[in-house]
Structure formats: structure tokens, C-alpha cells
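Let's take a friendly walk through a protein model and look at how its charged and nonpolar side chains are placed.

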Amino acid sequence: MSTISDKVKEVYEGFFKKTWSPMTGGILLAVLAIYMFAWHRPWGIVGGLRNWGDWVLYSLGLLDLDEAPAHPLFYSSSVMDLGLLAGAWISAVIAKEFAIRIPPMLEIWKGLVAGILMGIGSALAFGCNVGGFYSALQNLAANGLTMMVGLIIGVIIGLKYLYWEMEHLTPGPAGPTWLDKKIPAVVGFIALAALIWAAYAYGGSDMEDADLMPGYLLIGAGIGYVFHRSRLCMVNGFREPFMTGEAAMGKAVAVSVIIGTLGIAIMKYMDLRPEGMYVVPAFWWGSLVGGIVFGAAMVVAGGCGSGSLWRVAEGQVKLWVVVIAFALSNSAVRYWFDQNDWLYTNDEYTVGMLGKAIYLPDYLGYGGSILLVIAAMLVWYIVIDWNEDSNKLVIEM
């Protein structure tokens, strides 16, 4: 017969140390994305990275702006990203999975090039796999569908490059690994307490929108924790059906999109949030081409927008390079777009050189739009489930 202490240990192991299933991660991610939207705005990644890149380029005198970029500690998307990093790091430390891992030099160069391309692709699509696909679909924006098509095409291109690389290039030896299982789990709990303190500190600040920052920080941390504990990976979700046939991640992402779409559509339909939120002028070519570039690059990088961040938090140095290059290139390209009037060409911010802002309910109504998103996800779910048994879509080396 088990004791109370056995049960406490079991709960502790299940919550803090065991790896959750991808489906558990996908469902929890959808719930947290709905929480974020209910708090104030949709979940996104690129805006925060661009804010960091803006600060670097502005400090170097490379961006000619009328005023300094928004402070990273009081810019919503930046605070979400900081929360994601903190949540993933806390998870990694408590589970003793944090270590600074130096990859072979070839991987460093791949990370640099892939990060630059991810910044370009996400600038074209007005978002990465999160803002341009995951959150875009949940917000019933048509550009989410075209970016999904672009991501699939890009993943196949990236996979073919990896096969070529495996036949023609030698990665060389990996570098050292530091701090492997060396940080006590209690440090993770101290960091958790510090995170909660930071949320309260935001509440006491007199900076603009300071009252919104605790939600961005804590929900972002929850997202980071879920990603790390479940190792949910959208790159894996798009890549594995064509590489190994495995479909668990892809099915989890599809279910996550459906759950999030239902929750967010209800809030928009009930006028609890603006309908135009996260509907950007990137349909169709901006999101399609951006998706292709981003999809190919994320396969080479080994992490997408969200996946790169949580892997940064567990100490993977290649992804540090990816995130730095991603942030700087996205900042530079968006600055160029802005200076050359590519982002918006009408006063309503619905048309630009990259496409149009298409809110699906304007054409299909809420019912038709929700059914379209669900149908797209179900088709993807069924196809990759069938492929898991048949391997018909697996690309041979």
C-alpha cells in the first residue's frame, strides 16, 4: 500500500521531472494561448525578438528612428519571450536537464545562416510559425493557411538539404558540455519565487501598461514550462512525417490549433476582443514565401520560433546563435520594409506590398471560418496518421 509520501513523490516526479506526452503539451499550450488572448493580446514570439534586435541595431546607430525602441522590460512580446525563457529554464533546472552544450563548428555556422533566414522569412510572413501560423489560424486570419502551406514546402526543402549534408559534409567533433546536472533543483524553485516577485514588482511600477506585464510574464513562463516538459516541437511536427513518418507532434499541434481557435473565436464573436487582432496584410504571397523560407530554415536550425527559445533556456549553444541571428535579421528586414512602405499601403493597414489582411469571418462568417480551420487541421491530422502506418510521404535519403 502506498503512503502519502509516496503519492507526494509521484506527483512531484510527474509534474517536475517526467516528460509529458506531446498531446498533453499541445492541449495545455492551447489553454495558455487562450489565457494570453483573454489577458490582453495573442501569444507571439517574433515581436519580442525584433525588439531585442532593434535595441542592438539602434545602439550601434544602424536604425534611424525618431525615438528609441520600446523598453524590452515593458514591451508585451518581449516580456512574453522573457517569461518563456524563464519557464523553460526553471523546468530544465528542476528536472536536472540543463547543461551548456557546445555543438560542432558546422552546427554553429548552420545556426547562423538558418537564423538569418528565419528572420527574413518571419518578416515576409509578419510572424514565425507562432504568429504567422499557430496564432494566425486561431485568430481566423487567412494568412495562417497560406503560411502552413509554405511551411510544409519549406520543411521538404530543408529536409533535402539535411540529406545532402549527411552525404557530403562531416560535422566534426562537438565541444564540451558544462554544468550538466550541476545546478541543484532548489535553484529552479528559487527562480520560480523570483519570477512571482517580478510579476508583483511590475504591478507596483508606474510605467505605461505595467499592469499588463504580470500576465505576459507568468503566462509566457507557463508556455515555456509546458514546451520544455512535453518537448513539444513544431519543427518536429512538420518535419517527422516526411523524415521518419512519426506523427505524434504533428497531431498534437493540429489539436492545439483547433482548441485555441474555438476559445479565441468565442471571444472575438462576443466582442470581448477586437476582430482585427492578429489579422495582418500577408495574404497570400508574403505568408506563402515567408513560410517556405522560414520552414526550410527552421529544419536546418533545429528549432522554430518557440522551439529555439526553449532550447536556448536548456543550454543549447547552437540555438543561442540562431536566436541572435534571427532577432537581428528580422529587425533589419522589417526596418527596410518600413522605410520603403512595404508593410502598409493604405490608411486602414489592410493592404501592403506583402499582401492583404483577410479576416475569414468577413467572407465565410464565424461558423464557416471555424469549420475551415478545423477541416484543415483534421485533414493534416488524418494524412500524417495514415502516413505513420504507410510511410507513403517519407522522403528517402
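What follows looks at salt bridges and then at a patch on the surface.

**Salt bridges across the chain**

Please keep in mind that this model is predicted. How many salt bridges does the count come to? The count comes to nine. Three of them are set out here, with the distance between nitrogen and oxygen.

| Salt bridge | N to O distance |
|---|---|
| Glu97 and Arg229 | 3.4 Å |
| Arg231 and Glu314 | 3.0 Å |
| Lys251 and Glu388 | 3.6 Å |

Let's take these pairs in turn. Glu97 and Arg229 form a salt bridge, with their closest N and O atoms 3.4 Å apart. This pair links distant parts of the chain, 132 residues apart: Glu97 is in the loop between α4 (76–94) and β1 (100–101), and Arg229 is in helix α9 (residues 213–230). Is Arg229 buried or exposed? With a relative accessible area of 0%, Arg229 is buried, because buried means under 20%. Its partner Glu97 has a relative accessible area of 23% and is partly exposed.

Next, the side chains of Arg231 and Glu314 meet in a salt bridge at 3.0 Å, N to O. Arg231 sits in the loop between α9 and α10 (234–243), while Glu314 sits in the loop between α13 (305–313) and α14 (317–339), so this pair ties together parts that are 83 residues apart in sequence. Glu314 is buried, at a relative accessible area of 3%, whereas Arg231 counts as partly exposed at 29%.

Where do the partners Lys251 and Glu388 lie? Lys251 is in helix α11 (residues 248–269) and Glu388 in helix α15 (residues 361–390), so that salt bridge links distant parts of the chain, 137 residues apart. Lys251 is buried, with a relative accessible area of 14%, and Glu388 is partly exposed, with 31%.

Salt bridges can also share partners: in this way Glu107, Lys110, Glu165 and Lys318 are joined into one network.

**A nonpolar patch**

Now to the surface. Which residues make the nonpolar surface patch of about 620 Å²? Met105, Trp109, Leu112, Val113, Ile116, Leu117 and Ile120 make this patch. Take Val113 as an example: this residue lies in helix α5 (residues 105–125). Val113 has a relative accessible area of 48% and is partly exposed. That value fits a place in the patch, because patch residues need over 30% relative accessible area.

Key: Residues numbered from 1 in each chain as written. Predicted model: local features only at pLDDT ≥ 70, side-chain atom pairs only at ≥ 80, totals over all residues. Heavy atoms only, no water. Salt bridge = Lys/Arg side-chain N within 4 Å of Asp/Glu carboxyl O. Helix = DSSP H or I, 4+ residues; strand = E, 2+ residues; numbered from the N terminus. Buried < 20%, exposed > 50% of the residue type's maximum accessible area, 1.4 Å probe, protein only. Patch = residues over 30% accessible without salt bridge, like charges linked within 9 Å, V, L, I, M, F, W, Y side chains within 5 Å. Areas by Shrake-Rupley, 256 points an atom, 1.4 Å probe, with all protein chains shown as cover.
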